[in-house]
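Colleague: Please take a close look at the side-chain contacts in this model, starting with the covalent links. Go through them one by one, and then move on to rings and charges.

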Amino acid sequence: MGPVDKARKEKDFATLELANSITSLPTPTFRESKPNHSLTNTNKFATNPATNTPRTLSSCKGKMERSFPLILFLFVMSMPLSFGIKQNQLHYNYYTFSCPNLESVIKSELLSLFLRDATAPAAFLRLMFHDCQVQGCDASILLDSNGSSEMISSRNFAIRYREIISHIKSILEEECPGKVSCADIIVLAAKEAVSFSGGPLIQIPLGRKDSKTCSFKEADAKLPSPTITVDEFISIFMSKGMSIEESVSILGAHTLGVGHCLNIVGRLYDQRIGDEMDLNFEASLRLACPTEIPLTNLTFVPNDMTPIIFDNHYYRDIIMGRGLFGIDSNISRDPRTAPFVMRFALDQNYFFEAFSSAFLKLSTTNVLTNEQGDVRRQCNQLN
């Protein structure tokens, strides 16, 4: 038997002794740890770095004995990390085996709609925000429960394309029955909406489950009003784990879509002190929304000069006093938020990075996983 074979045999024997000693210890109790997505095992006892040749046991034995407490500690501490990844967290590869064509199916279905309706991306982005803001991203906004549907809330006025999410779900049920949640479909649709419109390609983990409840009262309480203050705005999004910078970036979603006169007339005909607007812009809004009580709920105004392109034009507009909503105007002047507005107006790539981070936090905060929720067979009703 050569020295290398002998060393390997002795090393295997030492490893077996180590395993036996660990299994004889009492099971420790740990607090739940956040996942480490790149746990790897390295064997630094295998070779001599100076010669790149196998070490003998005699050259490593002393170091191994001195390192035993550290090895034991690292081994045991890695256990809850592994368990957390498998059981309690979202995954970037969650559907790799259970529904590998998930994202391609969603892209295909949305593409045809986006090409027919240039305003559709804004609708899906808003749908996700209104879902995630209430109970977390749990598809509660899709439930048609009698008397408690979140769509009863006036804050969900003009929410569109819930039926498209249900349609996509029906296709996925044929390909991957009982696997893909409606909550994940909503978030993926919003992600595609941003990308299709020229915005960043955001990578998001998956594995959300659908809620078993919905509440229009909670929607009334948690969805921001058109008259929200900067203090309230910061508080809402910091509760989602966002910094002030990320909170300002998430409002950049206003770069897509339109605002309805119903949500604008308040600042036009009952102006508050400090709510400043460019005079020409104000005049154009009064032409679009000529009465304090809108004659129809269908009257709307573009959010910015490029309402179907995801860009940083929103920030350029609000700096010039052309913010559609009161909060748009206010964040451009508040000393806590104004520096970020200016930074995003000057650097679109920087805005995209901040928005991607904020989108990720919004879509992963307070979500249901595993047994906390369901995978609905039909998005608008409980199983």
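Modeller: The count comes to 4 disulfides in this predicted model. Numbering the bonded cysteines along the chain, the pattern is 1-4, 2-3, 5-8, 6-7. A disulfide is a covalent bond between the sulfur atoms of two cysteines. Three of the links can be walked through in turn.

Start with Cys132 and Cys137. Their sulfur atoms lie 1.8 Å apart. The torsion about the S-S bond is about 110°, so the disulfide of Cys132 and Cys137 is right-handed. Cys132 is buried, and Cys137 is buried too.

Next come Cys182 and Cys379. Here the sulfur atoms are 2.1 Å apart. The link of Cys182 and Cys379 is left-handed, with -95° about the S-S bond. This pair connects distant parts of the chain. Cys182 belongs to helix 6, residues 182-196. Cys379 sits in the segment after helix 15 (348-364), and the two cysteines are 197 residues apart. Both Cys182 and Cys379 are buried.

Then take Cys261 and Cys289. The S to S distance is 1.9 Å. The disulfide of Cys261 and Cys289 is left-handed, because the torsion about its S-S bond is about -75°. This pair, too, links distant parts of the chain, 28 residues apart. Cys261 is in the loop between strand 3 (258-260) and helix 10 (265-269). Cys289 is in the loop between helix 11 (279-288) and strand 4 (300-302). Both Cys261 and Cys289 are buried.

One further cysteine deserves a note on burial. Cys214 has 10% relative accessibility, so Cys214 counts as buried. The cut-off for buried is under 20%.

Now the rings. A pair of aromatic rings is described by the distance of the centres and the angle of the planes. The count comes to 16 aromatic pairs. One of them is Phe310 with Phe351, a stacked pair. The centres are 5.7 Å apart and the planes differ by 5°. Phe310 lies in the loop between strand 4 and helix 12 (313-319), while Phe351 lies in helix 15, so the pair ties together parts that are 41 residues apart in sequence. Phe310 counts as buried because its relative accessibility is 1%. Phe351 has 0% relative accessibility, so Phe351 is buried as well.

A second ring pair is Phe344 with Tyr350. The ring centres are 6.0 Å apart and the planes stand at 35°, so the pair is tilted. Phe344 is buried, at 0% relative accessible area. Tyr350, in contrast, is partly exposed, at 21%. The ring of Tyr350 also has a charged neighbour. The charged end of Arg343 sits over this ring, 3.6 Å from its centre.

These two ring pairs belong to a cluster. Ring pairs link Phe310, Tyr314, Tyr315, Phe344, Tyr350, Phe351, Phe352, Phe355 and Phe359.

Last, the charges. Side chains of opposite charge can pair when their charged atoms come close. A search of the whole structure finds 12 salt bridges. One of them joins Arg377 and Glu173, at 3.0 Å from N to O. The pair links distant parts of the chain, 204 residues apart. Arg377 is in the segment after helix 15, and Glu173 is in helix 5, residues 162-175. Arg377 is partly exposed, with a relative accessible area of 48%. Glu173 is buried, with 15%.

A second salt bridge pairs Arg286 with Glu282, at 3.3 Å from N to O. Both residues lie in helix 11. They are 4 residues apart, about one turn of the helix. Arg286 has 31% relative accessibility and so counts as partly exposed. Glu282 has 13% and so counts as buried.

A third salt bridge is formed by Arg322 and Asp317, whose closest N and O atoms are 3.4 Å apart. Arg322 is partly exposed, at 27% relative accessible area. Asp317 is buried, at 3%. Some bridges also share partners. Lys169, Glu173 and Arg377 are joined into one network in this way.

Methods:
Residues are numbered from 1 along each chain as its sequence is written. This is a predicted model: local features need pLDDT of at least 70, side-chain atom pairs count only at pLDDT 80 or more; totals for chains, interfaces and linings use all residues. Side-chain values use heavy atoms; hydrogens and water are left out. A disulfide is a pair of cysteine sulfur atoms within 2.5 Å. Buried means under 20% relative accessible area, exposed over 50%, partly exposed in between (1.4 Å probe, protein chains only). Rings of Phe, Tyr and Trp (its six-membered ring) pair if their centres lie within 6.5 Å; planes under 30 degrees apart count as stacked, over 60 as edge-to-face and the rest as tilted. A charge sits over a ring if NZ of Lys or CZ of Arg is within 6 Å of the ring centre and within 35 degrees of the ring normal. A salt bridge is a side-chain nitrogen of Lys or Arg within 4 Å of a carboxyl oxygen of Asp or Glu.
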